[in-house]
Amino acid sequence: MAATALSASGVRWDLSDLEPDAETARRDWDELLARARAFAEKHRGTIGSAGPAGLRALLDELDELSEDASRVHFYARAREHTEATDAETNDLATLARDRAADLENLLLFAELEWLALEDAEAEALLASPELAPYEHKLRVAREEKPYVLGEPEEQALNARRPAVSAWESLHGRQLATLTVEFDAGQGPEPHTIDRLLAYLYSPERPLRLAAVDALYAGLAPRADVLASCYDALVGDRLAVDRLRGVPEPMLPTNMRNELDGEVVETMMRAVEEHYPLGRRWFERKAALLGLDRLALADQYAPVGQERETEWPEAVAIVEGALRDFEPRLAEIFRACLDRGHVDAEPRPGKAGGAYCNAVSAKVLPFVLLNYTDKLRDVVTLAHEFGHATHGTLALGRQTYRSFRTGLAVAEIPSTFTQLLTVERLLEREEEPSTRASLLADRAETAMASIFRQTVLARFEQKAYALRGEGKALTSDRLAEVWLAENEAYYGDSLELPEGYRLGWSYIPHFVHVRFYTYAYVFAHLVAFSLLARWRADPAAFTPAYLEFLAAGGSRSPRDLLAPLGVDLRDPRAWADAFAEFDRCVREAEAGADELAAA
Ligand SMILES: [Zn+2]
């Protein structure tokens, strides 16, 4: 049968809400830099003497400048992500990166002067009602004060950023250009990493096993370069930490997430105590697949039968889930679709994966995904609209400086919306094999973000500790740490192939943002708690949840979550989440039983 076009073909971004064309974008960059220069001339040296009303006016001006820059910058990035091979796009993207760095350096003084104030002066300003819309973020910024250097030092650190990110680029290029000759049944063909990984969802076991072997065989010749990139980045981060006096490699991430190290550690320990829940599922799944023991390649093997889901149905499902929860959220979804802010069509020259960018209060968010007619793509669409609804409501209520949260909180609405959508799919699905597939997928998604990301965060902790002791992060050393951390999770329930020693080598988060990994753990656990609360009392939960969305980053995670009944200071805070997790696994097991009986 001839391949038919995917159902989301033609669902592409219309970028005209950002800029009409590249020419205008270039002119806007010039204008932004002129405004930033004028701003710096007028305000440099005045932060301490402006008084509450003066500081408010200054921050409002700065906020508008940042918001306009966000729009112009995203126009370049959006083009880069959808037409990577276009020459005009590449020139514009380069210009945007340079101009954004110039802009940041011009405006840096404002942040540094704010930090330079004495505590008493800062407190007096923060107590004034004029500064209320900025209060929380201004306070959080001052917590970094002990680790911030002087303006020339900070500018020098900024200036070397392109050289540091060259390691990230090299790592990315090593992976993006890697192709492996692989025969999936139609003769040998060059395969990218993503294409090989897609076979892990194949119902054919020999294909899954062969794809995993091919992946690691393909990575092996590049392992030294990949390890060197990681070693250089970790070494650099630790060197900058030493300059800044940062005592602990997780601290910068924890500060950005506004979470205490203790809260994160308590959470990760609680997760580790629940690893047997994952192993129980692996054993159940082995039995279902008729195996004595699961191999790594079987971890995501399909249970039951997924069904094709075309784009219009996906839109209807997500819109319906949002509308039943709260009509305001469905309106945001509809508006984004109608204004061409969703790019769902997979095509050459477009970025992989999925993301949402809440650009500015004046523009609706933009969502990118690659829709391949799978039920799991519906879940991705829901996830991104968790971000989009959060961004829209927060930008509607907060200043630009205050709308954004740390990564850990940012992933809560996306995960929650994804869970809501799966509930809706399950309510409407009668076919036992599709139900079994949905239930297994929900449980395995939770395991991937809660268990596996904890394994990943522990791996990072060990790697930073070793590098901190002066040990080079060679491929062999990373393999040793990687296998030890993975065995703590999988135990005997799953067989790890020889090649898995290279499992660390292609994970982008390690390279781009240290300890990003635990944000997924935190968010999935909180989203599970929220789902349980919503089910228990939707009338009380929904308004509190909308308030949480609209609050954006204007309060600490603790204060944001308390009205939703999640107390981060309480070590038992995670008990509800694990009860919900356990329910998911039990329902997946019941789905598997139903399937086995059919
Ligand atoms: Zn997300």
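**Helix faces, zinc site and internal spaces**

On the other side of helix 4 from its buried residues, Ala120 and Ala124 are exposed. This assignment comes from a predicted model. Helix 4 covers residues 119–126, and its buried residues are Ala122, Leu125 and Leu126. Viewed down the helix axis, these buried residues fall within an arc of 100 degrees, so they line one face of helix 4. An α-helix has 3.6 residues a turn, so residues three or four places apart point the same way.

The model also contains a zinc ion, coordinated by His383 and His387, each through NE2, and by Glu411 through OE. Glu411 is listed twice among the donors. The coordination distances run from 2.1 to 2.7 Å. Along the chain, the donors follow the spacing H-x3-H-x23-E. His383 belongs to helix 16 (residues 375–397), whereas Glu411 belongs to helix 18 (residues 407–428), so the pair ties together parts that are 28 residues apart in sequence.

The geometry of the zinc site is irregular. Its 4 donor atoms make angles of 52 to 142 degrees. For four tetrahedral donors, the ideal angle at a metal is 109.5 degrees. A tetrahedral assignment requires all angles to lie between 85 and 135 degrees. Two of the coordinating residues were examined for burial. His383 has 15% relative accessibility and counts as buried. Glu411 has 8% relative accessibility and also counts as buried. Both values fall under the 20% cut-off for burial.

Empty space inside the protein was examined next. Rolling a probe the size of a water molecule over the atoms shows where empty space is left. The structure holds 3 cavities of 30 Å³ or more. The largest cavity has a volume of about 70 Å³. Its lining consists of Ile47, Leu55, Leu58, Leu59, Leu62, Ala110, Glu111, Trp114, Leu138 and Arg401. Helix 2 (51–82) and helix 3 (87–116) each supply at least two of the lining residues of the largest cavity. Helix 2 provides the largest share, with 4 residues. By class, the lining of the largest cavity has 8 nonpolar residues, 2 charged residues and no polar ones.

The second largest cavity holds about 40 Å³ of space. Trp281, Phe282, Gln299, Tyr300, Glu444, Met447, Ala448, Arg452, Tyr489 and Tyr490 line the second largest cavity. Two or more of these residues come from each of helix 13 (275–288), helix 19 (432–468) and helix 20 (475–490). Helix 19 gives the most, with 4 residues. The lining of the second largest cavity divides into 7 nonpolar, 1 polar and 2 charged residues.

Pockets, unlike cavities, are open. The second largest pocket has a volume of about 500 Å³. Its lining comprises 22 residues. Glu258, Leu259, Asp260, Val263 and Arg558 lie nearest the centre of this pocket. Helix 5 (135–143), helix 11 (251–257), helix 12 (261–273) and helix 24 (557–561) each give two or more residues to the lining of the second largest pocket. By class, this lining has 9 nonpolar, 5 polar and 8 charged residues.

Note on methods:
Residues numbered from 1 in each chain as written. Predicted model: local features only at pLDDT ≥ 70, side-chain atom pairs only at ≥ 80, totals over all residues. Heavy atoms only, no water. Donors = N, O, S within 2.8 Å, 3.2 Å for Na, K, Ca; no water. Tetrahedral: all angles 85-135°; square planar, octahedral: opposite > 155°, others 65-115°. Buried < 20%, exposed > 50% of the residue type's maximum accessible area, 1.4 Å probe, protein only. 1 Å grid on protein atoms, 1.4 Å probe; cavity = no way out; pocket = protein on both sides within 12 Å on 5 of 7 lines; lining within 4 Å. Points joined across faces, edges and corners; volume = space filled by probe spheres on them. Nonpolar A, V, L, I, M, F, W, Y, C, P; charged D, E, K, R; others polar. Arc of directions from axis to C-beta.
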